Amino acid sequence: MSALRVGLGPLGRRLLFAFVLVAVSSVLVLTVAALIGVGQGLQVASQVSQEKAAASAATTAGDAYQKAEGWYGADLSSTTSVAEAAGAKLFVLDASGAPVGGTSPGGGHIGSGQGNGTGPVGGQGVVKAPVVVDRVSVGNVKLVFETAGGNQARDVAWWWNAIAAVVALLVALLASWVVTRLINRPIAAMTSATRAFTEGDRHARAEVHGPGELGELARAFDLMADTVARTERDRRNLTADVAHELRTPLAALQAGLEELRDGLVEPTPEGLAGLHDQSLRLGRVVSDLAELSAVEASEVTVQRTEVDLTQVAHDELAVRESQLRAAGLAVGSQLDRPVLVRADADRLHQAVGNLLANTARYCRPGDEVTVVVGREADQAVLDVIDSGPGISADELPHVFDRLWRGRAAKQVAGSGIGLAVAREIVVAHGGSIKAVSLEGAGTTITIRLPLSK
């Protein structure tokens, strides 16, 4: 049994024991049923064969009686041959039950009658059949069969059934072992990966392909581990990005204040204005972070009403037009018909405003920006299309990440939170947001929201 425990945990051993128990029980039941069935079948077949032999012997005895016009002088050799062919001893009785004498072909005498039953007598099987001539019963024949032949057939059947049972049991044991291993392996792998993951190994994965639901469970575990690892990585990156955004204005403030404290410089309006600008930058970053945090928790605070997305885009475009014009952009729109959605109007204004502000920040003077609102199937679609410098393929997947500003961060002011806020607002409304861009060929940001029913 210790060999069976190799590679199996407690659950695997329980499963193996259950499978083996079911297999052994099934094999035993089927074997017993087969043996009983074979025994009954042999008995019935033997009974039918004996009755046929007795009927045939009675027919030949009737023919001999008819030819001799009685039992005296009747030639019963044919009847004896039928009995011997069936492996039985022949007894012929007249109508009164007295034995009829005769001689068998081998020289033996036809036995005298003993009893008149049809059951076993002294370990022998007895079958009786009437001798009928011209519809009148003139006597009986009894065939006494030895039971050794039936026992031999039964012994052969038992032997082959025992061999089949052993083979079936071995196959069942092997199948139980294989099935147990297939079930236990992904469970053991997931258990090991879970323990390693809990202990801090974020690279631990089950990486197994089990059967059916177990395989799906293993893949779901690996997906969950990937998500947790990615979330922790994003958290670390967010912490590093926040520290980076705060470090520069803090360092400038600290240096300026130390100079003023130590009397190294005289306070001047220009110097104080610079320190004030740094404090405003700090406040802006903190405000953006607070805004992002509030939006990420907005699933429970979104107040949905029927809102015209076209009107939202029109109003926000009017508010931001001066900012866009100041950036040297040509502004266009296709806001022809109402498109109703169930949403929080204030949040949608915030999301569209962030997209337009992002466009004003990154596009070059002379570029164009166009806002388009329409319908596709059961969705409302808002596109903000610009002809700006575009986004490189390696940076495009990160445009909605928190505090991410790409390679243009040194030339463009901002905290890198606007698009992340827009994404959280859209997702909170059950929609989706996507950016499509080619470097040097402009960018299109698309918001999709469910239409109002």
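Here is a friendly conversation about a predicted model of a protein chain.

Trainee: How many helices and strands does the protein chain have?
Mentor: Let's start with the overall picture. This is a predicted model, and 34% of its 453 residues count as buried. Among contacts between residues at least 6 apart in sequence, 66% join residues at least 24 apart. As for the elements, the protein chain has eight helices and 11 strands.

Trainee: In what order do the five strands of the open sheet stand?
Mentor: We can build the order from the pairs. Strand β6 (residues 330–334) runs parallel to strand β8 (residues 368–376), joined by five bridges, while β8 and strand β9 (residues 379–386) pair in the antiparallel sense over eight bridges. With both senses present, the pairing in the sheet is mixed. The full order is β6-β8-β9-β11-β10.

Trainee: Which strands stand at the edges of that sheet?
Mentor: Look for strands that have a single partner, since one side of each is then left without a neighbour in the sheet. From one strand to the next, the twist averages 15 degrees. The edge strands are β6 and β10.

Trainee: Which residue in β8 is the bridge partner of valine 331?
Mentor: Take the parallel pair, β6 and β8, which has five bridges. Within β8, the partner of valine 331 is valine 369.

Trainee: And which residue in β9 is the bridge partner of glycine 374?
Mentor: Now we move to the antiparallel pair, β8 and β9. Valine 373 stands opposite leucine 382 there. For glycine 374, the bridge partner is valine 381.

Trainee: Which residue takes a positive phi in the hairpin of β8 and β9?
Mentor: The hairpin has two residues between its strands. With β8 covering residues 368–376 and β9 residues 379–386, you can find the turn easily in the structure. The phi near 60 degrees belongs to alanine 377.

Trainee: Which helix packs on the sheet, touching β8, β9, β10 and β11?
Mentor: Compare directions with β9: the helix makes about 20 degrees with that strand. The helix is α7.

Trainee: Are α7 and α8 roughly parallel or roughly antiparallel to each other?
Mentor: Helix α7 (residues 345–362) and helix α8 (residues 418–428) pack with their axes 9 Å apart, at an angle of about 150 degrees. Their crossing is left-handed. Angles over 145 degrees count as roughly antiparallel, and α7 and α8 are therefore roughly antiparallel.

Trainee: How many nonpolar residues are in the contact of α7 with α8?
Mentor: On the α7 side, the residues include Leu348, Ala351 and Leu355, and they meet α8 residues including Leu419, Val421 and Ile425. By class, four residues of this contact are polar, one is charged, and the nonpolar ones number seven.

Trainee: Is valine 339 buried or exposed?
Mentor: Valine 339 is found in the loop between β6 and β7. Beyond its sequence neighbours within four places, valine 339 is in contact with residues including Val307, Leu309, Val373 and Leu451. Its C-alpha lies 10.0 Å from that of glutamate 306, 33 residues away along the chain. Because its relative accessibility is 0%, valine 339 counts as buried.

Trainee: How far apart in space are glycine 442 and proline 389, C-alpha to C-alpha?
Mentor: Glycine 442 lies in the loop between β10 and β11, and its 5% relative accessibility means that it counts as buried. Not counting residues up to four places away, glycine 442 touches Pro389 and others, among them Asp386, Ser387 and Val436. Though 53 residues separate the two in sequence, the distance is 5.5 Å.

Key:
Residues are numbered from 1 along each chain as its sequence is written. This is a predicted model: local features need pLDDT of at least 70, side-chain atom pairs count only at pLDDT 80 or more; totals for chains, interfaces and linings use all residues. Side-chain values use heavy atoms; hydrogens and water are left out. Axes are lines fitted to C-alpha atoms, for helices over the stretch in contact, and angles run from 0 to 180 degrees between N-to-C directions. Helices (H or I, at least four residues) and strands (E, at least two) are DSSP runs, numbered from the N terminus. Angles under 35 degrees count as roughly parallel, over 145 as roughly antiparallel, 65 to 115 as roughly perpendicular and the rest as oblique. A crossing is left-handed if the near helix is turned anticlockwise from the far one by less than a right angle, and right-handed if clockwise. Contact means heavy atoms within 4.5 Å. Ala, Val, Leu, Ile, Met, Phe, Trp, Tyr, Cys and Pro count as nonpolar, Asp, Glu, Lys and Arg as charged, and the others, Gly among them, as polar. Two strands pair if DSSP finds at least two bridges between them. Buried means under 20% relative accessible area, exposed over 50%, partly exposed in between (1.4 Å probe, protein chains only).
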